[in-house]
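Please look through the structure shown here, moving from the overall architecture to its individual sheets and helices.

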Amino acid sequence: MAGICRLTAIATSIRTCKAFGGAPACPLAKRANNEKGNAKKRAVSSLIYIHLDDTSLTTHTRPHRLPPSRDTTHANTHTHTLITTSAIMATGAVDARRLQRETHHEADVVVVGAGVFGCAAAYSLAEQGRSVLLLERWMREPDRIVGELLQPGGIQALKKLGLGHCVENIDSITCRGYNVLYQGRPVLIPYPTMDEYGGVPHQWSGAGKEGKREIGKGFHHGRFITRLREACLAHPNITVRETEVVRTVRGEHSDHVLGVETRTTDPETKVKTPDYFFGQLTIIADGYDSKFRKEVTDEKPVARSRFYALELTDADLPAPGYGHVIIGDAYPILLYQIGTHETRALFDVPYDIPEAAPAAGGVRNYLENHAIPALPKSVQPTAREALENSKLRTMPNSWLPSTQQVPRGMVVLGDAINMRHPLTGAGMTVAFNDAVLLAELLHPDRVPTLADDAAVQAALRALYWRRKNYTAILNVLAQALYALFAAHDPQLHALRMGCFEYFRRGITDGPCGMLGGIIHRPVVLAYHFFSVAFLGIWMHFLEIITSGPGPLGVLKAPLAVIDAVLILAKACVVFLPLIWREGFR
């Protein structure tokens, strides 16, 4: 009866709902009539589903007594019959829920966007027995220039989700850490050694010499997304639909989201027809250019630069198996392998720099005359060839701090609500860790029904604060390191020098553990950031007082003290607002 009551309530809601944005309720009239006309059929399906569940429960919990006969063949046959009956009933329940998704477009959860976070969230909730509708505008393989490096912390989360196999058989390349080149001088920063409990023994100082090291993976973004989608398509609790979501559907007399309205293109006629999908919870994961972000926050992404991308063929990297970060003689450049023969080159180009102005020859002029000469000499020939023979592709480098939401049937997650500069390659690591935490907090043992708004709101409030253990590190690192590596400010230059020297002295396990998404303790970030700052201050102090002439350089000590104060102040200006916004708001 509970299932029939729920269906009746949904049918009633459909008659009174309206599309968000002021659209009249009449477009849903057809849907309402269909629901009414199919009420009897749906009630029968629900009764079957409830009956199957109850029978299955009885089968598993009722004690079964074997006949007095000692005939073990009879006993085994009896047991086998019970197990088979239970399996058939369970299969019937899954089929009934699939029928409800495919025929009536109703599920426990509607996920909008089959990208990194959308697929992960859909799969993790389906694994818990939730019925999931996954909606995607285009199911063809995406072709993007970011989302191609998954950090070790992301690999760990992917395995927890049961999707670890998705990085296999796509020509993925193992990444073991970073090779940082500052004005041509390299320093290798491998991912940290781990102890038997999964911790980083040298997270405060130094670097381990022996022990297990986690790895990252580089790959073509489209191939990876295709594997995630294949996993969702194969899951019995997920129905995937290629359709364009145009708006949310809300109750006429409440702000509760009932589902979404879409436009589905007929593959033969190419005509778009309206459709509707309903769920107890709608998860919006439509990416960095989200059309639904404005429904939950007034904040907009802030972008001060863009990445321009080239794909290099058979590039001769100085340290194969490592991501390369080039700084000092140009704005930051990233190099990392995404296939056996392919290397991605990402060039950061701030807005309105004179070298990339149209009068100077545009972005190609900047790349040819400023960025490519800053690359290692072994890489420059393939970079010039790619620049000459391929089309430049670009994406904005955005920062968008997360916003706390009060979900009433809908929540916006993934890049749609939280972004950071892609310099550190942390986006997918954040997304997969978010999916793990979301599944934990919405587990049926905690939230038996997603129609319970109070329970869902409590879970998502906990998600907002608990995710800060890793997002406060990854997001702040991305923004702070970009500020250090891209600026020409003299104080920031001193901090940049301190950062490189910090790595050169072998203090790498803590910083690289945070970059890799392995360490989830923001206090470790604060410790290392200000350790770098004080090292930069000390180096700058020594540089001033030893600059001569002769012993008279000591007379410049007061000037060095003033500079020290300015450097520390600049470090505070960079770090404190970021950690406050990402960690405490």
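The paragraphs that follow begin with the whole chain, then take up the sheets, and end with helix packing.

The model is predicted, and its protein contains 16 helices and 20 strands. Of the 585 residues in the protein, 53% are buried. Among contacts with a separation of 6 or more, 74% are between residues 24 or more positions apart. The accessible surface of the protein amounts to about 26,700 Å², and carbon and sulfur atoms contribute 57% of that area.

A good place to begin is the sheet of seven strands, which is open and has the order β7-β6-β16-β17-β18-β15-β19, with mixed pairing. Its edges are held by β7 (185-190) and β19 (393-399), and because each of these has a single partner strand, one side of each is left without a neighbour in the sheet. On average, and with direction ignored, neighbouring strands of this sheet are turned by 20 degrees against each other.

Within this sheet, strand β16 (323-327) deserves a closer look. Which residues cover the two faces of β16, and are they buried or exposed? On one side lie Gly-323, Val-325 and Ile-327, on the other His-324 and Ile-326, and all of these are buried. Since five of the five residues of β16 are buried, the strand is largely enclosed by the rest of the structure.

The pairings of β16 can be followed to each side in turn. With β6, the strand runs parallel, and five bridges join the two; here Leu-181 has Ile-326 of β16 as its bridge partner. With β17, by contrast, the pairing of β16 is antiparallel and extends over three bridges, and His-324 has Leu-335 in β17 as its bridge partner. β16 and β17 also form a hairpin with five residues between them, and in the turn Gly-328 has a positive phi of about 115 degrees.

Toward the other end of the strand order, β15 and β19 pair in the antiparallel sense over seven bridges, with Val-302 standing opposite Trp-399 in β19. Helices also lie against this sheet. Helix α8 lies across β15, β17 and β18, and runs at about 110 degrees to β18, while helix α13 (residues 490-504) packs on the sheet by touching β6 (177-182), β7 and β16, its direction making about 60 degrees with that of β7.

Helix α8 (residues 362-371) can also be described by what it hides, for its buried residues are Gly-362, Val-363, Asn-365, Tyr-366, Leu-367 and Ala-371. The cover over these buried residues includes the strands β15 (302-313), β17 (333-337) and β18 (342-350), together with helix α9 (380-389).

Other strands are arranged apart from this description. An open sheet of three strands has the order β4-β10-β5 and antiparallel pairing. Its edge strands are β4 (149-150) and β5 (173-175), and because each has a single partner strand, one side of each is left without a neighbour in the sheet. Between β5 and β10 (residues 216-218), which run antiparallel, there are three bridges, and Cys-175 has Gly-216 in β10 as its bridge partner.

A further pair is made by β12 (residues 244-251), which is mostly covered, with six of its eight residues buried, and by β13 (residues 257-265), which runs antiparallel to β12 and is joined to it by six bridges. The connection between β12 and β13 is a hairpin through five residues, and within the pairing Val-249 has Gly-259 in β13 as its bridge partner.

The last step concerns two helices that touch each other. Two packed helices are described by the angle between their axes and the distance between the axes. For helix α11 (residues 453-466) and helix α12 (residues 468-486), the axes come within 6 Å and cross at roughly 40 degrees, which means that α11 is oblique to α12. The contact is made by Tyr-464, Trp-465 and Arg-466 of α11, and by Lys-468, Asn-469 and Tyr-470 of α12. By character, the residues of this contact between α11 and α12 divide into three nonpolar, one polar and two charged.

Methods. Residues numbered from 1 in each chain as written. Predicted model: local features only at pLDDT ≥ 70, side-chain atom pairs only at ≥ 80, totals over all residues. Heavy atoms only, no water. Helix = DSSP H or I, 4+ residues; strand = E, 2+ residues; numbered from the N terminus. Buried < 20%, exposed > 50% of the residue type's maximum accessible area, 1.4 Å probe, protein only. Contact = heavy atoms within 4.5 Å. Areas by Shrake-Rupley, 256 points an atom, 1.4 Å probe, with all protein chains shown as cover. Pairing = 2+ DSSP bridges. Axes fitted to C-alpha atoms, helices over the stretch in contact; angles between N-to-C directions. Parallel < 35°, antiparallel > 145°, perpendicular 65-115°, else oblique. Nonpolar A, V, L, I, M, F, W, Y, C, P; charged D, E, K, R; others polar.
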